[in-house]
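Q: Could you take a close look at one aromatic pair in this structure and at the parts around it? I would like the details residue by residue, followed by how they sit within the chain as a whole.

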Amino acid sequence: MGKGELCTNNNYKRLVIAGTSSGVGKTSITIGIMKALNDIGYKVQGFKVGPDYIDPSYHTSITGRASRNLDPWLMGEDGLVTSFVNAMHDADVAVVEGVMGMYDGLSGKDDYASTAHVARILKSPVILVLDASKSARSIAAVALGFIRYGGYTRIKGVILNNVASDRHAEYCKEALEQLNIQVVGVVKRSNDIMLEERHLGLIPTYESKFIHDKAYKVASYVKDHLNINALVSIVENSVKERLNISYNKGSSSIIINSNTNSNRKKKDFSIGVALDESFNFYYTDNIDMLKNYADVVFFSPLHDNDLPNCDALYIGGGFPEVLADALSKNISMMSNIRRVAEDGMPIYAECGGLMYLSRCIINNDSKYRMVGLLDADTLMSKKLTLNYTEAKVVKPCIVSASINRVIRGHEFHYSALDNIANDSTFAYEMLKGKGIDGKHDGLIVYNTLASYMHIHFAYKDIVKNVIEGCRAYKRK
């Protein structure tokens with residue numbers, strides 16, 4: 001596509017699942033819809049609105065395809081629609097799980113970065129999930145308010161969740177049908193199909209077969225309570241509206257499609273990516289972007305004794321605190337990471353990766369030794385840090401050689417760094433968000449960058465800087 005050319009393919013069947021708030025059961029309903037469509041022959045591609053890493057793991061478990069994130073703040077609208085189009089190249093229908101309440105976004109002033117915003121970008125029909133557990137006829141007032149608020153009219157149906165009985169369902173349906181609001185599912189309350197939760201929300205399905213199997217059980221239960229014919233009709237009719245966002249192929253925000261034969265060829269560089277029960281917070285697009293330039297080899301800080309043969313390391317987020325004891329006992333892996341860091345290998349670590357590279361993780365009265373590359377300790381806390389972030393690069397680092405370049409991201413954790421060395425070097429000055437100390441983020445040690453901020457590689461120069469670092473390291 002050239003500059004100004006429209007993305008007008010009208011074959012993208014799509015559906016957005018929105019909620020009235022967090023906690024109404026969007027993920028359960030979403031995976032139920034995914035399974036229902038899968039079972040009748042659709043090839044379903046999952047997406048998640050916002051920066052969340054955990055919910056997409058449930059989509060992936062049900063569809064067998066890596067779910068992707070759609071976030072205007074992290075990716076820009078152009079990057080968002082490009083990621084959507086690339087992911088849909090061999091899929092039949094997109095099912096997009098929303099975030100929080102439908103209109104909840106970056107601020108209270110507008111719906112930027114909300115589910116409604118993404119549905120508007122994609123021109124997608126919306127199914128609204130309503131928690132009916134504490135209401136009956138009043139549920140119609142809630143639905144009507146969401147349909148009329150802001151003039152948004154793409155809500156094509158509602159799903160009632162946590163319904164107590166057939167009689168309760170009938171009261172709710174009667175009220176909604178008086179307003180010509182289509183009910184496309186009634187899911188009865190059942191403690192047997194509650195998804196497992198922890199301090200950051202749901203437990204990723206990557207962690208155990210039990211969680212994976214529970215996701216399948218929940219999806220099957222929800223599927224049996226849906227009006228499949230009504231959902232299929234909404235999905236099929238979604239192609240009547242075409243995507244029409246223009247973008248410049250040469251712009252920095254375009255995500256390169258890695259699904260080509262050339263991208264499967266042996267590359268000049270390889271990047272080791274930590275992936276196991278402790279480290280699994282990665283955007284699929286980020287891994288795909290790396291695969292355009294380098295061979296990606298996965299390794300486990302939990303189970304492997306040595307690093308793979310590679311020219312850089314990427315240690316993403318996750319839950320190192322949950323398996324901190326096991327991580328601390330893998331002395332060989334930690335020693336090898338310190339060794340390659342001291343040798344100048346480029347290492348990029350986010351959140352959980354930052355914690356792993358610190359001296360130790362202290363959780364209540366327990367203290368677990370970590371890599372010790374960073375001159376700081378990690379303290380687990382009951383206080384949540386949750387923000388979109390914006391940071392100005394003040395020191396050249398492996399993701400940006402340009403001073404004053406502004407990078408957007410997000411932070412989401414229950415920990416803090418303590419006993420940080422006074423002479424620490426930071427890559428970022430925080431313009432929005434907390435970072436490590438309220439003003440800075442991105443500790444630089446040797447050629448390592450470790451931050452609380454998670455970033456999306458929607459901007460090509462980030463990956464190109466990493467590859468330049470690989471090239472320089474390989475020449476040593």
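A: Here is a walk that begins at one pair of rings and widens out to the whole chain.

Please keep in mind that this is a predicted model. The pair to look at is W73 with Y388, whose ring centres are 5.7 Å apart and whose planes make an angle of 45°. With that angle, the pair counts as tilted. A pair of aromatic rings is described by the distance of the centres and the angle of the planes. In total, the structure has 13 aromatic pairs.

Where do the two partners, W73 and Y388, lie? W73 belongs to helix α3, which covers residues 72-87, while Y388 is part of strand β18, residues 377-393. The two parts are 315 residues apart in sequence, so the pair ties them together. Are W73 and Y388 buried or exposed? W73 has a relative accessible area of 5% and is buried. Y388 is buried as well, at 14% relative accessibility.

W73 has a further partner. The charged end of R408 sits over the ring of W73, at 3.6 Å from the ring centre.

Strand β19 spans residues 406-418, and V406 lies in it. V406 is partly exposed, with a relative accessible area of 36%. Its C-alpha is 4.5 Å from that of K392, although V406 and K392 are 14 residues apart in sequence. Setting aside residues up to four places away in sequence, V406 touches E390, A391, K392 and L431.

Back in β18, T385 is another residue to inspect. T385 is buried, with a relative accessibility of 6%. Its contacts, leaving aside neighbours within four places in sequence, are E411, F412, H413 and K434.

Now to the helix α2, residues 54-63. Nine of its 10 residues are buried, so α2 is largely enclosed by the rest of the structure. The buried residues of α2 are I54, D55, P56, S57, Y58, H59, S61, I62 and T63. Just after α2 comes G64, with a positive phi of about 75°.

Positive phi values also turn up in residues other than glycine. A113 is one of them, with phi near 70°. This alanine lies in the loop between β4 (93-97) and α4 (115-122), and A113 is buried at 4% relative accessibility. K123 is another such residue, with phi near 50°, and K123 is found in the loop between α4 and β5 (126-131).

Elsewhere, aromatic residues also gather into a group: Y53, F281, Y283 and F319 form one aromatic cluster.

If you are wondering about cysteines, the count of disulfides is zero. For C351, the nearest cysteine sulfur is that of C360, 16 Å away. A disulfide requires the sulfur atoms to be within 2.5 Å, so C351 is in no disulfide. C351 is buried at 5% relative accessibility. C470 is also in no disulfide, and the nearest cysteine sulfur to it, that of C310, is 8.5 Å away. C470 is buried too, with a relative accessible area of 0%.

Finally, the whole chain. The protein chain holds 13 helices and 22 strands. Its radius of gyration is 23 Å, close to the 23 Å that the globule rule gives for 476 residues, so the chain is as compact as a globular protein of that length. Along the principal axes, the C-alpha trace spans about 70 × 55 × 40 Å. Buried residues make up 58% of the 476 in the chain. Among contacts between residues at least 6 apart in sequence, 74% join residues at least 24 apart. The accessible surface of the protein chain is about 19,300 Å², and 47% of it belongs to carbon and sulfur atoms.

To return to the starting point, W73 in α3 and Y388 in β18 form a pair between parts 315 residues apart in sequence, and the charged end of R408 sits over the W73 ring.

Methods. Residues numbered from 1 in each chain as written. Predicted model: local features only at pLDDT ≥ 70, side-chain atom pairs only at ≥ 80, totals over all residues. Heavy atoms only, no water. Phe/Tyr/Trp six-rings, centres within 6.5 Å; stacked < 30°, edge-to-face > 60°. Helix = DSSP H or I, 4+ residues; strand = E, 2+ residues; numbered from the N terminus. Buried < 20%, exposed > 50% of the residue type's maximum accessible area, 1.4 Å probe, protein only. Lys NZ or Arg CZ within 6 Å of the ring centre and 35° of its normal. Rg over C-alpha atoms; globule rule 2.2 N^0.38 Å. Contact = heavy atoms within 4.5 Å. Areas by Shrake-Rupley, 256 points an atom, 1.4 Å probe, with all protein chains shown as cover.
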